[in-house]
Amino acid sequence: MSVDPMTYEAQFFGFTPQTCMLRIYIAFQDYLFEVMQAVEQVILKKLEGIPNCEISPVQVRKCTEKFLCFMKGRFDKLFVKMEQLFLQWILRIPPNILLPEDKSQEMHPYSEEEFQLLQKEIEQLQEKYKTELCTKQALLAELEEQKIVQAKLKQTLALFDELENVGRNHGTSDFRDSLVFLAQNSRKLQDIRDNRGREREHEET
């Protein structure tokens with residue numbers, strides 16, 4: 001088998017020419033083996049019809065294997081020539097031919113140095129993209145936190161509005177006065193609860 005990787009041909013065919021030749025070789029070997037098995041079975045059946053035949057199945061098998069080795073050797077020699085013919089003239093893309101996807105190279109040729117610079121620029125752009133992606137994720141996370149804080153702030157403002165409305169209903173228009181009013185009512189409720197607790201203790205005793 002050829003050691004030339006033939007990567008350009010593999011780009012066109014979708015497989016390496018060496019792989020194609022290997023499959024042809026294996027397919028022929030399998031076919032030759034099957035044919036020899038069939039020939040052997042035919043010979044054995046013919047021998048069964050011959051009375052007092054001195055040829056045993058073991059001898060037939062040895063002859064079959066010997067002939068198989070002979071055919072395999074002949075095919076190996078022919079296959080070497082066939083492989084050279086296929087790889088040089090049939091499965092090889094001429095050096096002056098470009099595939100359709102590589103036509104741009106003909107219109108815009110570049111040197112090895114330019115290619116290296118292009119590769120470096122691509123790597124820099126990839127790193128920049130990764131950095132911007134991380135920054136975007138951080139900003140999105142911060143935005144979510146701001147939404148949560150904004151929602152809590154709205155709840156707090158709504159609570160203050162309710163407190164102010166309660167104050168107005170009880171004659172206190174100032175927010176500070178409303179807080180004082182609520183604190184006084186809270187103490188009154190606490191005193192009432194304490195008194196109820198003491199009365200229950202007294203009744204139990």
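Here is a short chat about reading burial and packing in a predicted model.

Biologist: Let's begin with the overall fold. How many helices and strands does the chain have?

Modeller: The chain has 6 helices and 0 strands, so I'd read the order of elements as α-α-α-α-α-α from the N terminus on. Of the 205 residues in the chain, 13% are buried. About 17400 Å² is exposed by the chain, with 59% of that supplied by carbon and sulfur atoms.

Biologist: And the inside? Which residues make up the largest nonpolar core?

Modeller: The general idea first: in soluble globular proteins, nonpolar side chains tend to be buried together. Here, the largest nonpolar core has 7 residues: Met6, Met21, Tyr25, Phe75, Phe79, Leu87 and Leu91. At least two residues of this core come from each of H2 and H3, and H3 gives the largest share, with 3 residues.

Biologist: What do the buried residues of H3 pack against?

Modeller: They pack against helix H2, residues 17-48. H3 itself covers residues 57-90, and its buried residues are Val60, Thr64, Phe75, Phe79, Glu83 and Leu87. For a close-up, take Tyr25: neighbours within four places in sequence aside, Tyr25 contacts Lys72, Phe75, Asp76 and Phe79.

Biologist: Now the outside. Which residues make the nonpolar surface patch of about 330 Å²?

Modeller: That patch is made by Tyr31, Val35, Val39 and Ile43. Val35 sits in helix H2.

Biologist: Why does Val35 count as partly exposed?

Modeller: Because its relative accessibility is 32%, and partly exposed means the range between under 20% for buried and over 50% for exposed.

Notes: Residues numbered from 1 in each chain as written. Predicted model: local features only at pLDDT ≥ 70, side-chain atom pairs only at ≥ 80, totals over all residues. Heavy atoms only, no water. Buried < 20%, exposed > 50% of the residue type's maximum accessible area, 1.4 Å probe, protein only. Helix = DSSP H or I, 4+ residues; strand = E, 2+ residues; numbered from the N terminus. Contact = heavy atoms within 4.5 Å. Patch = residues over 30% accessible without salt bridge, like charges linked within 9 Å, V, L, I, M, F, W, Y side chains within 5 Å. Areas by Shrake-Rupley, 256 points an atom, 1.4 Å probe, with all protein chains shown as cover. Salt bridge = Lys/Arg side-chain N within 4 Å of Asp/Glu carboxyl O. Core = buried A, V, L, I, M, F, W, Y, C linked by side-chain atoms within 4.5 Å.
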